[in-house]
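Work through the following exercises with the model open beside you. Each one sets a task and then solves it step by step.

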Amino acid sequence: MKQDMIVILDLGSEKNTDIARKVRSLGVYSEIHPHDISPEKLSILPNIKGIIINGGKNNVVEGVKIDVNHGIYEAGYPLLAVNHESAKCDRKIDRWPETDEEIKDILKSFVFDTCQAEANWNMKSFIADQVELIRRQVGDKKVLLALSGGVDSSVVAALLIKAIGKQLVCVHVNHGLMRKGESESVIEVFKNQLEANLIYVDASERFLKKLENVSDPEQKRKIIGAEFIRVFEEEARKLEGIDFLAQGTIYPDIVESGTKTAQVVKSHHNVGGLPEDLNFSLVEPLYHLFKDEVRACGLELGLPESMVYRQPFPGPGLGVRCLGAITKERLEAVRESDAILREEFAKAGLDKKVWQYFTVVPDFKSVGVKDGARSFQYPVIIRAVNTVDAMTADIAQIDWPVLLRITDRILKEVPHVNRVCYDISPKPPATIEWE
Ligand code: XMP
């Protein structure tokens, strides 16, 4: 391992992730660990140059004020204590200052002057380290990965291909609810360009059959999720000699799942789902990366920008954008209108400016006129939103000429559609998706 590391001990500060990111932005790798980690456990971590004891207002757990394992005071690491009455520290401050600049100054002086750390954290060294770690963990065994084509699973795949080549078996399940061209691009990039060991499973008909006449959104989600696991499991059972399962777990998944001091923001769904008798060990090479670092890693590994900067796409895919009970006709209308929207947004340079944009087709028709005759067809609803964390969202104010061009194309090119609407509702009270 080449990179130096600063460890942040989580004593209930809300700034743990912010501080970790700031240390990394100085070019020094940083990880957050529980407040009571033992010196023995710390000593296993490579190249620790210093420790930040990061106290904060959530420092009382179950009525007891938490403290560090006092052994770390004797372990010989340079220590910076924030808002914490610790015994022997090289530096203490009452609290982090207000501005980012002031915080960075404190970190710079601690990291480089006190700890003498080297700024040697970058994507090249991360990838080199991970390749070595993966090879050490996996040996000559095989690793299985569900490759959806999303950013995280794509970057994991590229990293594992670099580390162990054909020992990685990727399974791409097309549930029939993918966007236009999406499965094709997964095959093009991974099978054709990176020469991955890729199994493509077209399970479209199977999913659509299960979803027939199901109109409740939660029920639809459950069916899609459960069916996905079933298909993946069937593929896994067909394969022999697989010992590992790779997952695109990233740092926010861990942090948001709740540390000892933080409230659970949302539970982490990446893990689990497969029956225990399959008995895989996990390989999670992106475990310590933030989303922007995952993207940088993907670019460094040579993945196309369109894949690395892909907008978020829900697991249940177009299934929750074809409202109510899914029909082939309306699913096709969602897929085709979404493709037109994406194409026109890219042409207008909006694909890099708008956080998420898609179309929705409801399960009712409206009256119109087409070719001089009365028509009774579906509307397409355009949704385009900007947000930081998806908890709240504002609508993107798209220029009329762009909207009119998209509308014109949808009405001409997408069958069974006679009306286009633009959803201008913020979240809350609306949600980003319609279901
Ligand atoms: P809402 O509709 O809750 O969406 O405002 C917030 C973000 O979450 C995405 N989303 C999902 N992602 N499975 C997912 O993986 C889902 O069932 C799901 N539902 C919503 C949505 O696209 C938006 O980015």
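A residue counts as near a molecule if one of its heavy atoms lies within 4 Å of it. The model is predicted, so local features need pLDDT of at least 70 and side-chain atom pairs count only at pLDDT 80 or more, while totals for chains, interfaces and linings use all residues. Residues are numbered from 1 along each chain as its sequence is written, and side-chain values use heavy atoms, with hydrogens and water left out.

**Exercise 1.** List the residues around the ligand and sort them by class.

*Solution.* The residues around the ligand are Arg221, Pro314, Gly315, Pro316, Trp355, Gln356, Ala390, Lys427, Thr431, Ile432 and Glu433. Take Ala, Val, Leu, Ile, Met, Phe, Trp, Tyr, Cys and Pro as nonpolar, Asp, Glu, Lys and Arg as charged, and the others, Gly among them, as polar. The shell then divides into 5 nonpolar, 3 polar and 3 charged residues.

**Exercise 2.** Find polar contacts of the ligand with Gln356, Lys427 and Ile432, and state how much of the ligand the protein buries.

*Solution.* A polar contact is a pair of N or O atoms within 3.5 Å; within protein, one must be able to donate a hydrogen and the other to accept it, and residues adjacent in sequence count only if both atoms are side-chain atoms. On the side-chain side, a polar atom of Gln356 lies 2.8 Å from a ligand oxygen, and a polar atom of Lys427 lies 2.7 Å from a ligand oxygen. Ile432 contributes a polar backbone atom, which is 2.7 Å from an oxygen atom of the ligand. Taken alone, the ligand exposes 490 Å², of which the protein buries 69% (Shrake-Rupley method, 1.4 Å probe; for residues, only the protein chains shown count as cover).

**Exercise 3.** Locate the salt bridge of Lys328 with Glu205 and that of Arg237 with Asp277.

*Solution.* The criterion is a side-chain nitrogen of Lys or Arg within 4 Å of a carboxyl oxygen of Asp or Glu, and a search of the whole structure finds 34 such bridges. In the pair Lys328 and Glu205, the closest N and O atoms are 3.2 Å apart. Lys328 lies in helix α12 and Glu205 in helix α7 (residues 204-211), so the pair ties together parts that are 123 residues apart in sequence (helices are DSSP runs of H or I, at least four residues, and strands runs of E, at least two, numbered from the N terminus). Both Lys328 and Glu205 are exposed, where exposed means over 50% relative accessible area, buried under 20% and partly exposed in between (1.4 Å probe, protein chains only). Arg237 and Asp277 meet at 3.1 Å, N to O; Arg237 is partly exposed at 42%, whereas Asp277 is exposed at 54%.
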